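Work through the exercises below with the sequence and the 3D structure at hand. Each task is followed by a solution in steps.

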Amino acid sequence: MVLHRLTGRLHAWMLACACTLMSTALQAFSAAAMVELGALGNDRAVSVAVQGSLAYLANSENGISILDICDPTHPIQVSSFTTWGAANDVQVSGDLAFVAAGFSGLRIFDVSDPLAPVPLGRSRGSDDAVSVELVDSIAYVSENRGGLRILNVSDPANPVLMAQVAGWAKAVHVVSGLAYVASGSQGLRILDVSDPAAPELLGSLGAKDAAVAVHVRHGIAYVADGRFGLTLIDVGDPARPAFLGELQLPGSAIGIDVDWPRAYVADPIAGLHVVHIGHPAAPKLLASHAVRGQPWGVLVRGHTAFVPAFGAGLQIVDLTVPNRPTPLGALDGPGQVYGVRIRGDVAFAVESLTGVRTIDISNPASPRAIGLLAMERPYEIDFVDDLMYVADGTEGLLIVDASDPTELVTVGSIDTAFSPRGVRVVGNFAYVADHSAGLRVFDVSDPTAPAEIAHLDTPGFAIRVDVLDGLAYLADHRGGLRIIDVSDPTSPFEIGALDTPGDAIGIVVEGSLAFIGDYRAGLLIVDVSNPRAPVAIGSNTRVPAAGPVLVGDILYVPAMDSGLAAFDVSDPTEPRLLAAIESETTHAVGVAGDLAVVGVGDGLRTIDISDPTTPMPLGYPPHVARVYEMKLDGSLAYFADQGVGLQIVDVSNPTQPIALGFAGGSGHSRDVELAGDIAFLALGSTGVRVIDISNPESPHIVGSIRSRRTSHDIELAGSLAYVAEITGLRVLDVSDPSVPVEVGWLEAPEFGASALSIVGTHAFVAGDRWGLHVVDISDPAIPVLVATLDLPGSEQDIVARGNIAYLAASSGLWIIDISNPVSPQVTGFLRLSTGHWDIEVEGETVYVADEPGGLRVVDVSDPTTPVETVAFGWAGATAVAVAGDGLVYVSSWRLGNVAVQFAPEHLAAPPPSLEPGDLPRTGPRCFDANRAVRR
């Protein structure tokens, strides 16, 4: 995958000209447009890597997004993380993601937990890493004019530079010890890298325009040659490359992938091209597809193309019939949320690239999208009665009738001088922060015909505005706080100013105090009792801050990359951080009573703030649940659900499960344990949540304790809870469930603990990538590691019964004799597929929830020779539980929660095949964009 940078103005000019010139050419291929399956919005997408059912999207300055693409028509964002430098390209190998991160060089991340990626290592380069190619333990990093850097990444925490090759390097493809480097105007260079520490130039060939991407197959190099198009080069003799064929394309070739006999070319001007290359000397254009946004690359897997499109996110295209496909449609994903306002039971979310979305929050634990007014780049909204005023960076000031939140209707609009970022309405006047055009004032007495009546330039970029008692307070990026007299709205003039330490981006004024959110300096409190001489009296720099919201003495601040922060500002000279709840990139918050609605990178989060010192996540936008563990108690099933925490389901009728209640909040929910009316939930980086389940329809949190790192699994033994954390084993006293207390800790970074099981005085810990570990817990206060058994693969779950432990790993099912805990011995092994999430042991049968393979049933009556007796191919299976009487429950995030009744002869044949839609679903659903209201 390749990033080819163009400057903004030149690019815009080229795009406008080319779109005009090429429209006729593209019409010739309109009947052969690709089938667009789905899309997830992100305005900086430039590169993508795919592994299994996950796509890793490089979003330039916005970092990496991890997407669930199992259903390509409805991609779902799983998580996102910053890369400390523009994420220009990403490659994934096993549990590691390698990112070419601009000035930050090569960054390496542990993505074994897609919900909580962890930075591992970094190698600085020439400050312009644009692409990365990974071959075994060697990373080849292209750095534009900085050349090609070759790194040994066998220790991902400490990459080591092996060699550096001068000359331009836009991208590289390594095949059989040869590196083919796309070197811009220098064309294609071929290097011998059989010894990566001593690369040797073998041959080169100039470009028709600029070689920006290359793919090599069967002795032919396919080069994306900029404005020329596609060039085919014979590299059978790498010392003497020769032109073989060429094809001029309508726009500018920038990315390429090959699935012979076709090449797929990404073109930021004309879209995605499909080229027949069966006759290399005469390549033929089969079809072109006008992808939304500007395609920056292409990755082909089977009959599917993944196209990162700058300005439109990840586009997924069906290639089943490449020259005569049938359009199916697409789903626009939510953009960055820049504003939230709450009116009654409805939250209005301002989403860049999407519009203003209305969310029903009458049940805060399960918010439901009910409407959408589409627009290109909204930033903030304000209300007067049922009229909504929208500052839209593209369209200007819009006035919308919001009396029916399911039917938002624009009644008036006016274009502003530049690009509005904020709006506040007082009386008949709208005050608009218009970025580089300063403050604009509009008469909105007739909402259908707003008219500009005044403007005032500011020294920086006007981002947000608040108006009180005839004064407008402006948060001016680079200009700090500007105070403007608007007692006569037709003649505004500045009367005071205060330069803030960083970049002012949010403001709220109450009485004589202005609370300013500053991206670099955090929270700043200013005394404006004398508006001609504002004075900073308090600050808190612990978190970067966006648009604050004041409720009494509590200030809620969207903490940008850190989540939501709550400050006690009863003493404005010393604002005190009460709590911070971690989440994705956070730009906006709305507060109503005990509920905060937070705008994050991929939508909304609802948070219970009845106790500001302990904010509790409640709900997420609807999405497909992924259950990692389930427990059964009579007619109730308790799911550890990655989206909502604990999900309780009535399974009294197994064919029609009914969702009852949710609690616990977001996080990497991996396990749930039951003790009477109490459930203990292992919630990833959040820690352990203790939940009262006495009323299954209204479970609620009664206690919690933060994790040291990431809580993956939990086991109860009397009044003690044992927690498998990624860096060790934790022992908690839960005799008072409302106040869990740590009583023991075994620091073991090598664990990578994913699961544990307890037999007697020993805990058996499955370590992700590190095998089985045995811990003596005879003294819970001092757990001691007594044995380790190395096993290949990634260990996911373990169940110990008597003298036998059953361990599910990516390599297969391991059976281990633990009769002597200090010397565990493998007695049997069964190779299954490549991913197992959960196992259940019932008598002499092991049930395996195998994410790619479905439910696997294994006879272990002879532990030395386990035998798979039957398999049910339900993709997405992540959890299994056995209820007795042959009833087995399987949670498949593709199919819903499946109940299977095993008859005595079940070993002979599986039940009929099941498809999505055949089964009842529980829990949150995917948001259906076709049901949203668009105008």
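**Exercise 1.** Classify V743 as buried, partly exposed or exposed, then place V743 in its strand and its surface patch.

Solution. The model is a predicted one. Step 1: the relative accessibility of V743 is 33%. Step 2: buried requires under 20% and exposed requires over 50%, with partly exposed in between. V743 is therefore partly exposed. Step 3: V743 belongs to strand β69, which covers residues 741-747. Step 4: together with V739 and V741, V743 makes a nonpolar surface patch of about 210 Å².

**Exercise 2.** Determine how many residues of strand β8 are buried and which way their side chains point.

Solution. Step 1: β8 spans residues 106-110, and 5 of its 5 residues are buried, so the strand is largely enclosed by the rest of the structure. Step 2: in a regular strand, side chains alternate between the two faces of the sheet. Step 3: in β8, one direction is taken by L106, I108 and D110, and the other by R107 and F109. The residues pointing either way are all buried.

**Exercise 3.** Identify the strands that pair with β8 and one residue pair for each.

Solution. Step 1: β7, residues 96-100, pairs with β8 in the antiparallel sense over 5 bridges. F98 has I108 as its bridge partner. Step 2: β7 and β8 form a hairpin with 5 residues between them. In the turn, G102 has a positive phi of about 55 degrees. Step 3: β9, residues 118-123, also pairs with β8 in the antiparallel sense, over 5 bridges. Here D110 stands opposite V118.

**Exercise 4.** Describe the sheet that contains β18, and state which strands stand at its edges.

Solution. Step 1: the sheet is open and has 4 strands in the order β18-β19-β20-β21, with antiparallel pairing. Step 2: β18 (213-217) and β21 (242-248) each have a single partner strand, so one side of each is left without a neighbour in the sheet and they stand at the edges. Step 3: from one strand to the next, the twist averages 20 degrees. Step 4: β18 is joined to β19, residues 220-224, by 5 bridges. Within this antiparallel pair, V216 stands opposite A221.

**Exercise 5.** Summarise the protein chain by secondary structure, burial, contacts and surface.

Solution. Step 1: the chain has 84 strands and 1 helix. Step 2: of its 935 residues, 60% are buried. Step 3: among contacts with a separation of 6 or more, 44% link residues 24 or more positions apart. Step 4: the accessible surface is about 33900 Å², and carbon and sulfur atoms account for 49% of this surface.

Conventions: Residues are numbered from 1 along each chain as its sequence is written. This is a predicted model: local features need pLDDT of at least 70, side-chain atom pairs count only at pLDDT 80 or more; totals for chains, interfaces and linings use all residues. Side-chain values use heavy atoms; hydrogens and water are left out. Two strands pair if DSSP finds at least two bridges between them. Helices (H or I, at least four residues) and strands (E, at least two) are DSSP runs, numbered from the N terminus. Axes are lines fitted to C-alpha atoms, for helices over the stretch in contact, and angles run from 0 to 180 degrees between N-to-C directions. Patches are made of residues with over 30% relative accessible area and no salt bridge: like charges are joined within 9 Å, nonpolar side chains (Val, Leu, Ile, Met, Phe, Trp, Tyr) within 5 Å. Accessible areas come from the Shrake-Rupley method with a 1.4 Å probe; for residues, only the protein chains shown count as cover. A salt bridge is a side-chain nitrogen of Lys or Arg within 4 Å of a carboxyl oxygen of Asp or Glu. Buried means under 20% relative accessible area, exposed over 50%, partly exposed in between (1.4 Å probe, protein chains only). Contact means heavy atoms within 4.5 Å.
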